[in-house]
Amino acid sequence: MPTTKGQIRAYWLGALLNFAGFQFGYDSGIVGGVLTLKSFQNDFRYTAKQNTLTQSLAVSLQQAGAFVACLLIWPVISKLGRKYTLALASFVFIIGCMIETIDTHSRSAFYVGRVIAGLGLGSATVIVPMFSSEMMPKEIRGKVGCFLQLSFTFGVLISYWVDYGVSIHVASKTMQWQIPIGLQIIPAGIIGLGVLTVPESVRWLVKKGRYDEAWKSLSWIRGSDGPEVQQEMDKIRAGVDLELQASEGFTLMELFKPRYFKLCCIAFIMFMFQQSTGATAFAYYGPQYFKLVASGNTNTNLLLTGIFGAVKVLGCGVFVFLLANRMGRRKPLIIGAAVMGVIFMVNGAVNQSHPPKASATAPVPPSGKAAVALVYLFVIVYNMSWGPLPWPYVSEIMPTRIREPGIAVGVASQWLFSFVYTLANPYMVNSIKYGTLFFWGVCNLLIAVAAYFLIQETQGLSLEEINAKFDGTEALLHAKVSNETEGSNFDTTTANKERSRVHESNIA
């Protein structure tokens, strides 16, 4: 177990890194509400007929930028390290936000700002889970990894209430939409400056052969330089050495070797499933969805969306602080998807049998209240399963050799399907209406079945043990660690046979 000082430092690093989650969440929630403000519509001069297209592009183009960033950022991460690349990503995001905030009266300029902000945001979402998993002690790695989703939900919560606040208390002029958009710069600045106060990733430093710096980094994050920390350092070096020896001179074609290709596919599928739950669509288009199920006026829908954000934080907070280290990874993902599927099917049936009447003044009917309650129940389940868990899971299963491109593949999938669903969602809600709820229900039920066969448990294992579990090299890892920590004679014959077996399985 890490010392008290080590735990404090680990949680500080986790909280600092996961300001990126807050930044991501705030941006996700703020746009849907801003797009409903008359002041924004007037300044950017588009008609009601152009509303669906504007909503679709304003949200989805940032996902497109983030998707591109995920594919391009990993060589930069490998070259510069985790902390300085994260600082750079924050700077890029700030530039994009500044373009968005300026009243150019040009939707094209706003779209450009969204794409640039997406480049910074997408880069950060690759770096954060990687940095976190490489630095956290295994006893709290899952909990701290889930901070990304907790901070995301908190960012969403703040954004919803900012939207509601400006809609009620700020005159319908340019400043009304500039306030919520411009506030995005604050968390980005905190990340960019704050990350300079922490050390670089231990495993990245080991991979670069900078062992003295790696030891200082590990001693800092564990709050100790005792025998247990020294043994952990030996194990990290052993694991990294095995990865580097298994295949020298990395090329992208390595990702197509059976072992690595399997892991990349798992990462891709995990985040595809996360987006296919429907939660991101609700995060971006909360007011529009509450109009679908409850048919209230703009302020009522923004209020319901604000409560939706509070429920997200509550559900995720309970999971992260009370349940994350008790429930593991596999069971919550399977059961969560099944429960969400049932909730969506029931909600779709309620909306089909008792469709809300379009009215800006009538109170929300009982059927609408039931539908809203089901949405709140859905988001609680999501934030105890597919919301937080894919982030630590994908970062855990990637070996050091392909950690940068492997996590980039997974996060790129997240942004790719986020782009697809946010682009299509306004058209889905406008055309098939309650059928959108049935669509998400079917997706979740299929996810539950697939997760049963796909996901292995990783809780309580070190990264090196997880890699050995997927690779079948536990014996080699333990032999190498024993050699380095006890000074025993390393069985090179057994080790070479094991390396040959792994190499042959990779190229088969």
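Visitor: Among contacts in the protein between residues at least 6 apart in sequence, what percentage join residues at least 24 apart?
Guide: This is a predicted model, in which local features need pLDDT of at least 70, side-chain atom pairs count only at pLDDT 80 or more, and totals for chains, interfaces and linings use all residues. Residues are numbered from 1 along each chain as its sequence is written, and side-chain values use heavy atoms, with hydrogens and water left out. A contact means heavy atoms within 4.5 Å. Of the contacts between residues at least 6 apart in sequence, those joining residues at least 24 apart make up 85%.

Visitor: Over which residues is the pLDDT below 50?
Guide: The pLDDT is the predictor's confidence in each residue, from 0 to 100. Its mean for the protein is 84, and 89% of the residues reach 70 or more. One stretch has 29 contacts in the model beyond near neighbours in sequence, yet its pLDDT is below 50: residues 488-508.

Visitor: How many helices are there in the protein?
Guide: Helices (H or I, at least four residues) and strands (E, at least two) are DSSP runs, numbered from the N terminus. The protein has zero strands, and its helices number 26.

Visitor: Which helix gives the largest share of the largest nonpolar core?
Guide: A nonpolar core is a set of buried Ala, Val, Leu, Ile, Met, Phe, Trp, Tyr and Cys residues joined through side-chain atoms within 4.5 Å. Buried means under 20% relative accessible area, exposed over 50%, and partly exposed in between (1.4 Å probe, protein chains only); by this rule, 58% of the 508 residues are buried. The largest core has 133 residues, and Phe 40, Val 126, Phe 378 and Trp 386 have the most contacts inside it. Its largest share, eleven residues, comes from residues 107-135, that is, helix H7.

Visitor: Which helices do the buried residues of H10 pack against?
Guide: Helix H10 covers residues 174-182, and its buried residues are Gln 176, Trp 177, Gln 178, Pro 180 and Ile 181. These buried residues pack against H2 (19-34), H3 (38-43), H6 (82-101), H7 and H9.

Visitor: What is the volume of the second largest cavity?
Guide: On a 1 Å grid over the protein atoms alone, a cavity is a set of points where a 1.4 Å probe fits but cannot get out, and lining residues have an atom within 4 Å of a point. Grid points are joined across faces, edges and corners, and a volume is the space filled by probe spheres set on the points. There are four cavities of 30 Å³ or more. The second largest has a volume of about 90 Å³.

Visitor: Which helix supplies the largest share of the lining of the second largest cavity?
Guide: Among the lining residues are Phe 24, Gln 275, Lys 312 and Trp 391. The lining divides into six nonpolar, five polar and one charged residue, where Ala, Val, Leu, Ile, Met, Phe, Trp, Tyr, Cys and Pro count as nonpolar, Asp, Glu, Lys and Arg as charged, and the others, Gly among them, as polar. H9 (147-169), H15 (258-276) and H16 (279-284) each supply at least two of these residues. The largest share, three residues, comes from H9.

Visitor: Which residues does Ser 418 touch, not counting residues up to four places away in sequence?
Guide: Ser 418 is found in helix H22 (residues 403-431), and at 1% relative accessibility it counts as buried. Apart from residues up to four places away in sequence, Ser 418 touches Gln 63, Gln 275, Thr 280 and Tyr 284.

Visitor: What distance separates the C-alpha atoms of Glu 404 and Met 130?
Guide: Glu 404 also lies in H22 and is buried, with a relative accessible area of 2%. Setting aside residues up to four places away, Glu 404 touches several residues, including Trp 74, Arg 82, Met 130 and Lys 207. Glu 404 and Met 130 are 274 residues apart along the chain, but their C-alpha atoms are separated by 7.6 Å.

Visitor: What is the phi of Arg 45?
Guide: Most residues other than glycine have a negative phi. Arg 45 is placed in the loop between H3 and H4 (51-72) and counts as exposed at 57% relative accessibility. Although Arg 45 is not a glycine, its phi is positive, at about 55°.

Visitor: How far apart in space are Asn 42 and His 105, C-alpha to C-alpha?
Guide: His 105 lies in the loop between H6 and H7, has a positive phi of about 60° and is partly exposed, with a relative accessible area of 32%. Asn 42 lies in H3 and counts as exposed at 53% relative accessibility. The two are 63 residues apart in sequence, and their C-alpha to C-alpha distance is 8.8 Å.

Terms used. 1 Å grid on protein atoms, 1.4 Å probe; cavity = no way out; pocket = protein on both sides within 12 Å on 5 of 7 lines; lining within 4 Å.
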